[in-house]
Amino acid sequence: MGILWGVPAGFRSGFAAVIGRPNVGKSTLVNRMLGRKVTIVSDKPNTTRTPIRGVLNRDDAQLVLVDTPGLHKPRTLLGRRLNEAAEVASDGVDVVCLLVDGRAGIGTGDRRLLAQLPTDAVVVVNKIDGLAPDRVLGQLGAAGELGGGDDRREYFAVSARTGRGVEELVDHLVGRMPEGPAYFPPEQGSDVPEAVWVAELVREQLLDRVRDELPHSIATRVTEWEGPVIRCEILVERDSQKGIVIGRGGEVLRDVGTAVRSQLSPGVYLDLHVKVERDWQRRAAALDRLGY
């Protein structure tokens, strides 16, 4: 990276990583800051499995936002790899943003994370929509106590869902970027390959339709793409899960295919197949093959 794409003098560019515990709204916030969808969103923990970089272009700046997997106590090899991916993605960026859930309150996990971050990290209290003003102030105060009085940190209250406070956060992050060249050409919105994006859209729709432990057992990958035909493989860990993903009479797969095609170019044919790969979350070879 580091190629100059015809930018003016004084141009600012750099990377800001958004980290936090699962389900605090990292992907929703990244999409909101960019003004478009570059990462899938679900109410299931650990929806984001690999770091995703979305590009915000302005006349005077380019801000690259890094969405990361939620940091958690892992129970499988996949969980350990997700934590490692999040930690690596936040190394070497210009700004780290710790996102916390304003409704759930500041937890032990948030305190532990902040203790590991640079002293100039940005702390963002999310999900303030519906909270009374005094509650928002209370959460900001609690977030401030996380920093132990370190006045190098900045604190923001936002609603990634409604956009409240997000513009101010973006302006601050842009102002924190050093002067330098653009890292991505202006027409590139993210670093996600198109085949990976289609597989992620399939997984997003499945996550919206399944419950209990099944979301963690689903992986998706595009295995063929020839002309308008895209073949996507859906992996589960047990035979009983295969039937749930297919649905009665194939209903679930039909609904998923329809929803995904509506987000793709007209004329695309999506061929979905479900395959059992036992305990793939716990096997290094399977995780390597899936890119985790």
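**A three-stranded sheet and the helices around it**

What I would like to walk you through this morning is an open sheet of three strands, arranged in the order β7-β8-β9 and with mixed pairing. Its edge strands are β7, residues 219-226, and β9, residues 269-276, each of which pairs on one side only. From one strand to the next, the twist averages 20°. Please keep in mind throughout that this is a predicted model.

Let me turn to the pairing of β7 with strand β8, which covers residues 229-236: these two run antiparallel, and seven bridges join them. If you would like a position to look for on the screen, E226 stands opposite V229 in β8.

Now to the helices. Helix α6, residues 194-207, packs on the sheet and touches β7, β8 and β9, and its direction makes about 135° with that of β7. Helix α9, residues 251-261, also packs on the sheet, where it touches β8 and β9, and the direction of α9 makes about 135° with that of β9.

Helix α9 has a helical partner as well, and how do the axes of helix α8 and α9 cross? The axes of α8, residues 239-246, and α9 come within 5 Å and cross at roughly 55°, which means that α8 is oblique to α9. As for the residues involved, I244, V245 and I246 in α8 meet E251, V252 and L253 in α9. By character, the residues of this contact divide into five nonpolar, no polar and one charged.

So, to close with the picture I would carry away, α9 packs on the sheet through β8 and β9, while it also meets α8.

Key: Residues numbered from 1 in each chain as written. Predicted model: local features only at pLDDT ≥ 70, side-chain atom pairs only at ≥ 80, totals over all residues. Heavy atoms only, no water. Pairing = 2+ DSSP bridges. Helix = DSSP H or I, 4+ residues; strand = E, 2+ residues; numbered from the N terminus. Axes fitted to C-alpha atoms, helices over the stretch in contact; angles between N-to-C directions. Contact = heavy atoms within 4.5 Å. Parallel < 35°, antiparallel > 145°, perpendicular 65-115°, else oblique. Nonpolar A, V, L, I, M, F, W, Y, C, P; charged D, E, K, R; others polar.
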